[in-house]
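Subject: The model, and what turned up in it

Hi there,

Here is the structure I promised to send over. Have a look at it first, and my notes follow underneath.

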Amino acid sequence: MREDERARGLDRRLFLGGVGAAAAGAVVAGATGGSAWAAEDPGFEALPREMQAPEGDVSAQALRTFSRIDGTPVYYWRGNRGNTVLRDWRCTQGFYDRLVVWIRDLRDLSSDGGFGGVKFLVSAGFYVNRSGQHGAGTAMDLDLVRWNGGRQSSMLDGHHAASDRTLRRRYLAVDATCRRRFRYVLDGWYNSAHRDHIHADFGGLPTLCQKGSSSDTRFVQAMCNNFMGSGLAVDGIWGPNTDNAFGQAKNRLGISGNPHADLNAWRNMLARVARHGFRDEAF
Ligand SMILES: [Zn+2]
């Protein structure tokens, strides 16, 4: 977790106006999970063989049972909306540890935007008995975030496509926090299977902005449209217009490193996107 703490300190220095801090970003060793963004989780369908958990993998490593992430309850609303009965979720210890890092990010970044504490989360699942990252206990399907004071971001209600831009920006903020800590992240812009949740997993770390990734490209296009009015087609194809808009966003957010190659540059950019999203501010 040391690199995460360092990255967090770096983010805060950047946010507070430190110049050139990104250049000091240390190279963080991450598990490079295979080659291709082409192997993105297509939702609830069968995954390519190379993305499936090896036989016996899950039974070999103990799954941890939890009802809260770092003290915050995680509810299940599929089929029973508003339900606040605690339930047992399961994932690997390593994934749980990452969930803790993620929710602390979410709290910090939304707090900077004037939000209260995170009251609860709603999920559609973590470990699920099927192939892929869910079957390995290394994935989360996020349905909703509720803050103290009543504000929420509801993937379940398709807030990525809400008529209210404030809600779309807030969704992008939550999306950005996921992208700081997980890969792959699949959202409502990615495909219709993800119109009602954000999928976040451990495949293909480290987190970088990949031009060849449809998921990353759609996120960037939606981000540029909602914060800068770029008017891009959200088609997952990284063309010249997307490249120009991304460069503009990077400049306006004061990111000096290369988010396509430098993990800290991308994480810092995502933190700034999240802060703008929670504050409902253009950039
Ligand atoms: Zn999922």
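Arg165 is a good place to begin: this residue lies in helix α5. Is Arg165 buried or exposed? Neither label quite fits, because Arg165 has 14 other C-beta atoms within 10 Å and counts as partly exposed. Along the sequence, Arg165 and Asn226 are 61 residues apart, yet in space their C-alpha atoms are 7.1 Å apart. Please keep in mind throughout that this is a predicted model.

Now for the chain as a whole. It has eight helices and nine strands. Of its 283 residues, 46% are buried. Among contacts with a separation of 6 or more, 64% are between residues 24 or more positions apart.

Helix α5 turns up again in a helix pair. Helix α5 covers residues 165–181, and it packs against helix α3, residues 93–112, at an angle of about 140°. The axes of these two helices are 9 Å apart. Angles over 145 degrees would count as roughly antiparallel, so α3 and α5 are oblique to each other. Their crossing is right-handed. If you want to find the contact on screen, look on the α3 side for Arg98, Val101, Trp102, Asp105, Leu106 and Leu109. On the α5 side, look for Thr177, Cys178, Arg180 and Arg181. By character, the residues of this contact are five nonpolar, one polar and four charged.

A second helix pair is worth a look too. Helix α6 (residues 214–228) and helix α7 (residues 240–252) cross at roughly 60°, and their axes come within 10 Å. This pair is therefore oblique as well, and the crossing of α6 and α7 is left-handed. Which residues make the contact? From α6 come Thr217, Val220, Gln221, Met223, Cys224 and Met228. From α7 come Thr242, Ala245, Phe246, Gln248 and Ala249. Here the residues divide into seven nonpolar and four polar, with no charged ones.

On to the strands. Strand β9 covers residues 198–201, and all four of its residues, Ile198, His199, Ala200 and Asp201, are buried. Ile198 and Ala200 point one way from the strand, while His199 and Asp201 point the other way. That fits a general pattern: in a regular strand the side chains alternate between the two faces of the sheet.

What does β9 pair with? One partner is strand β6, residues 139–147, which joins β9 in the antiparallel sense over four bridges. Another is strand β8, residues 185–186, which also runs antiparallel to β9 and is joined to it by two bridges. His199 of β9 is a handy landmark for both pairings: Asp141 stands opposite His199, and His199 is also the bridge partner of Leu186.

Just before β8 there is a detail of the backbone that you may like to inspect. The peptide bond from Arg183 to Tyr184 is cis, with omega near 5°. Tyr184 lies in the loop between α5 and β8.

Next, a residue in another strand, β3. Val74 lies in this strand, which covers residues 72–75. Why is Val74 called buried? It has 21 other C-beta atoms within 10 Å, and the cut-off for buried is 20 or more. Leaving aside residues up to four places away in sequence, Val74 touches Ser67, Arg68, Ile69, Trp89, Leu121 and Ser123. Val74 and Gly125 are 51 residues apart in sequence, with their C-alpha atoms 9.9 Å apart in space.

Finally, two aspartates have backbone angles to check. Asp70 has a positive phi of about 50° although it is not a glycine. This residue lies in the loop between β2 (68–69) and β3. With 15 C-beta neighbours inside 10 Å, Asp70 counts as partly exposed. Asp280, in the segment after α8 (263–279), also has a positive phi, near 60°. Asp280 is partly exposed, with 17 other C-beta atoms within 10 Å.

That is everything from my side. Enjoy looking through it!

Best wishes

Note on methods: Residues are numbered from 1 along each chain as its sequence is written. This is a predicted model: local features need pLDDT of at least 70, side-chain atom pairs count only at pLDDT 80 or more; totals for chains, interfaces and linings use all residues. A residue is buried if 20 or more other C-beta atoms lie within 10 Å of its own, exposed if 12 or fewer, and partly exposed in between; C-beta atoms are placed from the backbone. Two residues are in contact if their C-beta atoms, placed from the backbone, lie within 7 Å. Axes are lines fitted to C-alpha atoms, for helices over the stretch in contact, and angles run from 0 to 180 degrees between N-to-C directions. Angles under 35 degrees count as roughly parallel, over 145 as roughly antiparallel, 65 to 115 as roughly perpendicular and the rest as oblique. A crossing is left-handed if the near helix is turned anticlockwise from the far one by less than a right angle, and right-handed if clockwise. Ala, Val, Leu, Ile, Met, Phe, Trp, Tyr, Cys and Pro count as nonpolar, Asp, Glu, Lys and Arg as charged, and the others, Gly among them, as polar. Two strands pair if DSSP finds at least two bridges between them.
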